[in-house]
Amino acid sequence: MPSLFDPIVLGDIAVANRIIMAPLTRSRAGASRIPNDLMAEYYAQRAGAGLIISEATAISPQGYGWSGAPAMYNDEQQEGWKKITRAVHERGGKIVLQLWHMGRVSHPDFQEGQLPVAPSAIAATGSANTPEGKKPYVTPRALETAELPGIVQDYVRAAQRAIAAGFDGVEIHAANGYLLDQFIRSHSNQRNDQYGGSIENRLRLVIEVVEAVGNAIGFGRTGIRLSPNISYNGMGDADPVATYTALMQALNAYDLAYVHVRETLPNKTEKPEIWVGTAMRDAYQGNFIVNGGYDGASAQDALSQDKADAVAFGMLFIANPDLVDRIRKNVDMNKTKANGLYAGGVEGYTDYPLLRQD
Ligand SMILES: Cc1cc2nc3c(=O)[nH]c(=O)nc-3n(C[C@H](O)[C@H](O)[C@H](O)COP(=O)(O)O)c2cc1C
C-alpha cells in the first residue's frame with residue numbers, strides 16, 4: 001500500500017513523494033507578466049513537494065485575463081521563469097508549468113478593447129479580475145473553426161518555452177471554467193462544427209492540444225488538469241460521467257505524466273452528488289492525482305483506498321511551505337492569512353514560518 005512519502009514516477013518525471021503542490025494563482029508578476037525574484041523565493045520555499053504545479057500561466061495575450069498573473073509567450077517571460085526552475089531544482093524539487101487560456105473569462109480590458117474568445121457566445125456568470133478591479137464578464141466572441149489550429153500552436157509554443165526555461169514538464173489547464181473546459185462541457189459549448197455537439201466533438205480541441213503538446217515536448221512530460229464537478233461561472237454538462245469517461249478513454253492512448261482532478265472548491269470537504277472522479281479513476285490507466293479539501297490523513301486514505309496515486313494540496317501549501325515535513329511529523333498547520341492570498345507582496349506569500357528544526 002503506497003504511502004504519501006513514497007516516490008513515484010510520473011511519466012518522465014521522477015518525484016520524491018506523493019504530496020503535490022496544487023497550482024495557485026498568487027498575482028505577484030506585475031504588469032509585465034514576468035516572473036521575478038520574489039516568486040522564485042516562494043517556489044523555492046515549497047520545493048519539498050514531490051512536484052510543484054506552477055500557478056496558471058497565460059500561453060498568449062489572447063489567453064490572458066487575470067491582473068498580476070504571469071505569462072509564457074515572450075523571451076523576457078521565459079527568462080524570468082528560469083529563475084524559478086533554477087531555485088526549485090537547487091532545492092531538489094521538481095516543477096511543471098500550468099498552461100492557461102482563459103477563454104470567455106478574460107475581459108476586453110486585457111484584449112485592447114476586443115471581446116474575449118470562447119467556443120460559443122455565451123457569457124460566464126461572475127466577474128473578471130481586471131487592473132481596475134472586478135468587472136462583470138462580457139459575452140465572448142465565438143471562435144471561428146479556422147482559428148483553432150492557431151490556439152493549439154500557442155499551447156505548443158508555451159510548452160516548448162517551458163522546457164527551454166528548465167521546467168520538468170507542463171500541465172494543460174483544462175479545468176475551472178477556462179477555454180478547454182468551456183469546449184469540453186455542453187453548457188458553454190453549443191457549436192455546430194466538428195468542435196461542438198457530440199461528446200467526441202467537444203473533446204476534439206483538448207485532445208488536439210494534448211497530442212500537439214505531447215508530440216512537441218514528450219507525453220511523459222505532459223499532464224492535464226480537469227474539474228468535472230466544479231460548476232462556478234455557469235459551467236456544467238448534460239452528462240458529466242459520460243463526457244469525462246470518454247475523455248479518460250481517449251487519454252489512455254497517450255502515456256501522459258498524469259491526469260489531475262480537482263474535486264471540490266477550496267476547503268470544502270462535502271462531496272458532490274455525482275462523483276465523476278470515481279468513474280474517471282476507473283476508466284483511466286495512468287497516474288491519477290486528486291485535489292480538493294485533503295489533509296494528510298484523508299490524502300493517505302485516498303492512496304490506501306486506491307482512489308489516487310498522489311494528492312495535490314492548495315491552501316495548505318500557501319500557509320505551510322514545509323507541508324511535507326508537517327504531514328510527516330503530524331504537527332499543527334499555520335493558518336492562512338487573509339492578506340496576500342490573491343495579490344500583494346511578501347505578506348501572506350513568503351512570510352509563513354517553518355517548523356523549528358531541533
Ligand atoms: C489562491 C488560490 C489560487 C488558485 N489558483 C489556481 C490556478 O492558478 N490554477 C488552478 O488550476 N487552480 C487554482 N486554484 C485551485 C487550487 O489549485 C485547488 O484546486 C483548490 O485550492 C482546492 O484544493 P485545496 O482544498 O487543497 O486548497 C487556486 C486556489 C486558490 C485558493
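**Entry 1: strands S5 and S10**

I looked up the pairing of strand S5 (residues 95–100) in this predicted model. S5 runs parallel to S10, and 4 bridges join the two strands. I noted one position in this pairing: Leu97 has Val170 of S10 as its bridge partner.

I then turned to the burial of S10. I found 6 of its 6 residues buried, and I recorded the strand as mostly covered. Gly169, Glu171 and His173 point one way from S10, whereas Val170, Ile172 and Ala174 point the other way; all are buried. I kept in mind that side chains in a regular strand alternate between the two faces of the sheet.

**Entry 2: strand S11 and its partners**

I followed S10 (residues 169–174) to S11, with which it pairs in the parallel sense over 5 bridges. Val170 appears here again, with Thr222 as its bridge partner in S11. I also recorded that S11 is joined to strand S12 (residues 258–262) by 4 bridges, again in a parallel arrangement. In that pairing, Arg225 has His260 of S12 as its bridge partner.

How enclosed is S11 by the rest of the structure? I found 5 of the 5 residues of S11 (residues 222–226) buried, so the strand is largely enclosed. I checked each side of S11: Thr222, Ile224 and Leu226 lie on one side, Gly223 and Arg225 on the other, and both faces are covered.

**Entry 3: Glu171**

I selected Glu171, which lies in S10. Its relative accessible area is 0%; because buried means under 20%, I class Glu171 as buried.

Which side chain makes a polar contact with the side chain of Glu171? I found that of Tyr258, at 2.7 Å. Beyond four places in sequence, I listed the contacts of Glu171: Pro23, Ile53, Val96, Leu97, Gln98, Leu99, Gly223, Ile224, Arg225, Tyr258 and His260. I also looked up the C-alpha atoms of Glu171 and Ala257, which are separated by 9.0 Å although the residues are 86 apart along the chain.

**Entry 4: Asn291**

I next examined Asn291, which lies in strand S13 (residues 288–291). With a relative accessible area of 7%, Asn291 is buried. I found a polar contact of 2.9 Å between the side chains of Asn291 and Arg225. Leaving out residues up to four places away in sequence, I recorded that Asn291 touches several residues, including Ala22, His260, Val261, Arg262, Phe313 and Gly314.

**Entry 5: the ligand**

I then listed the residues around the ligand. There are 19 of them, and Pro23, Thr25, Arg225, Asn291 and Gly293 come nearest. By class, I recorded 8 nonpolar, 9 polar and 2 charged residues in this shell.

Which backbone and side-chain atoms lie opposite the oxygen atoms of the ligand? I noted three cases. A polar backbone atom of Gly314 is 2.8 Å from an oxygen atom of the ligand. A polar backbone atom of Ala56 is 3.1 Å from a ligand oxygen atom. For His173, an N or O atom of the side chain is 3.1 Å from an oxygen atom of the ligand. I closed with the coverage: on its own the ligand has 610 Å² of accessible area, and the protein covers 95% of it.

How values were computed. Residues are numbered from 1 along each chain as its sequence is written. This is a predicted model: local features need pLDDT of at least 70, side-chain atom pairs count only at pLDDT 80 or more; totals for chains, interfaces and linings use all residues. Side-chain values use heavy atoms; hydrogens and water are left out. A residue is near a molecule or strand if one of its heavy atoms lies within 4 Å of it. A polar contact is a pair of N or O atoms within 3.5 Å; within protein, one must be able to donate a hydrogen and the other to accept it, and residues adjacent in sequence count only if both atoms are side-chain atoms. Accessible areas come from the Shrake-Rupley method with a 1.4 Å probe; for residues, only the protein chains shown count as cover. Ala, Val, Leu, Ile, Met, Phe, Trp, Tyr, Cys and Pro count as nonpolar, Asp, Glu, Lys and Arg as charged, and the others, Gly among them, as polar. Buried means under 20% relative accessible area, exposed over 50%, partly exposed in between (1.4 Å probe, protein chains only). Contact means heavy atoms within 4.5 Å. Two strands pair if DSSP finds at least two bridges between them.
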